[in-house]
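Biologist: Let us go through this model together. I will ask, and you reason from the coordinates.

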Amino acid sequence: MFPAAPIISSNSMGATAVLIQGTACTLVAVRAINATAADAYVQLFDAALAADVTVGTTVPSWAIQSDANDPSIGDGLPTNGIVFRNGIVAASTTTSTGNTGATQHVKFVII
């Protein structure tokens, strides 16, 4: 059982790298609200600064797919979450490693 943790929101996430957490942490849940007509991906990078990531070039540590027109997709994370040693930078794209943006509203739970 995880302790209570706040929700961190990144509304209208796209192909621009966004700093979610700038220190070591464990990501225990992600929810992506995908209202686009195509599948989309939330790319997650183990980085302390958004400037450390070049979306489409930097290989993500983890990527989560969200289905087209799905108002809320589950997290696609391992049961105990994922440890990020530096922090979390994220982007939302049309492929799991690309740089074409797919706008989604994404919620993160971090401990």
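Biologist: What radius of gyration does the protein chain have, against that of a compact globule?
Modeller: This is a predicted model, so the values are computed from it. A compact globule of 111 residues would have a radius of gyration near 13 Å. The C-alpha atoms fill a box of roughly 35 × 30 × 20 Å along the principal axes. The chain agrees with the globule value, at 13 Å.

Biologist: How many helices and how many strands does the protein chain have?
Modeller: Along the sequence the pattern reads β-β-β-β-β-β-β-β. No helix interrupts that pattern. The count is zero helices and eight strands.

Biologist: What share of the contacts with a separation of 6 or more comes from residues 24 or more positions apart?
Modeller: One such pairing joins β3 (25-33) to β6 (82-84). Those two strands are antiparallel over three bridges. Over the chain, the share is 81%.

Biologist: Which strands stand at the edges of the open four-stranded sheet?
Modeller: The order in this sheet is β1-β8-β3-β6, with antiparallel pairing. An edge strand has a single partner, so one side of it is left without a neighbour in the sheet. The edge strands are β1 and β6.

Biologist: By what angle are neighbouring strands of the sheet β1-β8-β3-β6 turned against each other on average?
Modeller: The pairing in this sheet is antiparallel. The angle ignores direction. On average it is 35°.

Biologist: Which residue stands opposite L27?
Modeller: The partner lies in β6. β3 and β6 pair in the antiparallel sense. The residue opposite L27 is I82.

Biologist: With which strands does β4 pair over five and over six bridges?
Modeller: Both pairings are antiparallel. In one, A40 stands opposite S66 of β5. In the other, V42 stands opposite S92 of β7. The five bridges go to β5, and the six go to β7.

Biologist: How many residues of β4 are buried?
Modeller: β4 spans residues 40-46. This strand is mostly covered. The number buried is six of its seven residues.

Biologist: Which strand gives the most residues to the largest nonpolar core?
Modeller: That core has 17 residues, and L27, L44, I88 and F108 touch the most other members. Two or more residues each come from β3, β4, β6, β7 and β8. The top giver, with four residues, is β3.

Biologist: Which residues of β3 and β4 does I88 touch, leaving aside those up to four places away in sequence?
Modeller: β3 covers 25-33 and β4 covers 40-46. The contacts of I88 also include V18, L19 and I110. Within the two strands they are C25, L27, L44 and F45.

Biologist: Is V89 buried or exposed?
Modeller: V89 lies in β7 and belongs to a second, separate core of seven residues. Its contacts beyond four places in sequence include A17, L49 and V53. Buried means under 20% relative accessible area, and V89 has 0%, so the residue is buried.

Biologist: Which residue in strand β1 has a positive phi although it is not a glycine?
Modeller: Its phi is about 55°. The strand covers residues 7-13. The residue is partly exposed, with a relative accessible area of 49%. It is S12.

How values were computed:
Residues are numbered from 1 along each chain as its sequence is written. This is a predicted model: local features need pLDDT of at least 70, side-chain atom pairs count only at pLDDT 80 or more; totals for chains, interfaces and linings use all residues. Side-chain values use heavy atoms; hydrogens and water are left out. A nonpolar core is a set of buried Ala, Val, Leu, Ile, Met, Phe, Trp, Tyr and Cys residues joined through side-chain atoms within 4.5 Å. Buried means under 20% relative accessible area, exposed over 50%, partly exposed in between (1.4 Å probe, protein chains only). Contact means heavy atoms within 4.5 Å. Two strands pair if DSSP finds at least two bridges between them. Axes are lines fitted to C-alpha atoms, for helices over the stretch in contact, and angles run from 0 to 180 degrees between N-to-C directions. The radius of gyration is taken over C-alpha atoms; the globule rule is 2.2 Å times the number of residues to the power 0.38.
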